[in-house]
Amino acid sequence: MSDDSKFPEWFLWLSEHGVRLLILLAVVALAFFYVRGRSNTNARLDAIEDTVQFEPPRAYAAPDPSNYPTGGVTEAQWVVKKSVYVPVYSHIYYDGGRPYALEATLSIRNIDTEDPVYLSSVAYYDTQGNLSKALLDELIALKPLQTVEFLVERKDASGGSGANFVIEWGAASKQTAAPFIEAVMVGRSGTNAISFVSPGRTIDRSEED
């Protein structure tokens, strides 16, 4: 008959309750992995739900003048009339003169919070100063904080490296803020990409004496 007094108390306790302890540890481990698995599953489901709910940006479509009503205001009612020049590039040069094709987006934003801004013309000129295309040739209005965009696609190389937009805009109030106008150029070749912004500049014609 063995003498239990020869063994420490913890060893005796472990020998009596070891099986129960192992079972308890197994249950705890199973519970831990179950909860963790559920958490990961919920995270994946949330990610899938976010993807389903995400609405990608609309594909570009040329502005429809009927979507920018003037409310009966005519150009004769303008008290402010300005022209803005925006330099753009259908390509730039690199590596000793190789052309790098770009796509250009012209963004015209009415930054006034109260008054509309009116546009009568958006013209695209090439490097030689010749009219390449008229992107807008009728009067439209931008509501407060509204934006209109015009796109020159990458495949359209008619403008060249010295292309530009000329925008004619006006307002029926002298207090109306001037619109914010800029062009964004984007290009991609293989794994390389480039983008930059070109701000508009008001054309100030000096008055003759």
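In this predicted model, S198 is buried, because its relative accessibility is 6% and residues under 20% are counted in that class. The residue is part of strand β11, which covers residues 192-199. The side chain of S198 comes to 2.7 Å from the backbone oxygen of P87. Beyond its sequence neighbours up to four places away, S198 touches V86, P87, E182, A183 and M185. Two of these contacts, V86 and P87, fall in strand β1, which spans residues 80-87. E182, A183 and M185 fall in strand β10, which spans residues 180-189.

The protein chain has 209 residues, of which 27% are buried. Its secondary structure consists of 1 helix and 12 strands. Read from the N terminus, the order is α-β-β-β-β-β-β-β-β-β-β-β-β, with the helix ahead of the strands. Among contacts in the chain with a separation of 6 or more, 76% are between residues 24 or more positions apart. The accessible surface amounts to about 14600 Å², and carbon and sulfur atoms contribute 55% of this area.

Strand β11 belongs to an open sheet of 4 strands, arranged in the order β8-β4-β10-β11 with antiparallel pairing. Strands β8 and β11 stand at the edges; each has a single partner strand, so one side of each lacks a neighbour in the sheet. On average, neighbouring strands of this sheet are turned by 15° against each other, with direction ignored. At one end of the order, β10 and β11 run antiparallel and are joined by 8 bridges. One bridge in this pair links V186 to S195 of β11.

At the other end of the order, strand β4 (residues 103-109) pairs with β8 in the antiparallel sense over 6 bridges. Within this pair, T105 has L151 of β8 as its bridge partner. Strand β8, residues 147-152, presents two faces: V148, F150 and V152 lie on the covered one, whereas T147, E149 and L151 lie on the uncovered one.

A second serine, S107, lies in strand β4. S107 has a relative accessible area of 5% and is therefore buried. The side chains of S107 and R109 are joined by a polar contact of 3.0 Å. Apart from neighbours within four places in sequence, S107 is in contact with T147, V148, F180, I181 and E182. Of these contacts, T147 and V148 are residues of β8, while F180, I181 and E182 are residues of β10. E182 also appears among the contacts of S198.

In soluble globular proteins, nonpolar side chains tend to be buried together. The largest nonpolar core of this model contains 28 residues, and those with the most contacts inside it are V86, L106, I108, L119, F165 and I167. Two or more residues of this core come from each of β1, β4, β5 (117-125), β7 (140-142), β8, β9 (164-171) and β10. V86, listed here for its contacts inside the core, is also touched by S198.

L119, another of the residues with the most contacts inside the core, is in contact with I108, L136, E138, L139, I140, L142, V148, I167, E168 and W169, leaving aside neighbours within four places in sequence. I108 and I167, both in contact with L119, are likewise among the residues with the most contacts inside the core. V148, a further contact of L119, lies on the covered face of β8 and is also in contact with S107.

Notes:
Residues numbered from 1 in each chain as written. Predicted model: local features only at pLDDT ≥ 70, side-chain atom pairs only at ≥ 80, totals over all residues. Heavy atoms only, no water. Buried < 20%, exposed > 50% of the residue type's maximum accessible area, 1.4 Å probe, protein only. Polar contact = N/O pair within 3.5 Å; in protein donor to acceptor, adjacent residues only side chain to side chain. Contact = heavy atoms within 4.5 Å. Pairing = 2+ DSSP bridges. Areas by Shrake-Rupley, 256 points an atom, 1.4 Å probe, with all protein chains shown as cover. Axes fitted to C-alpha atoms, helices over the stretch in contact; angles between N-to-C directions. Core = buried A, V, L, I, M, F, W, Y, C linked by side-chain atoms within 4.5 Å.
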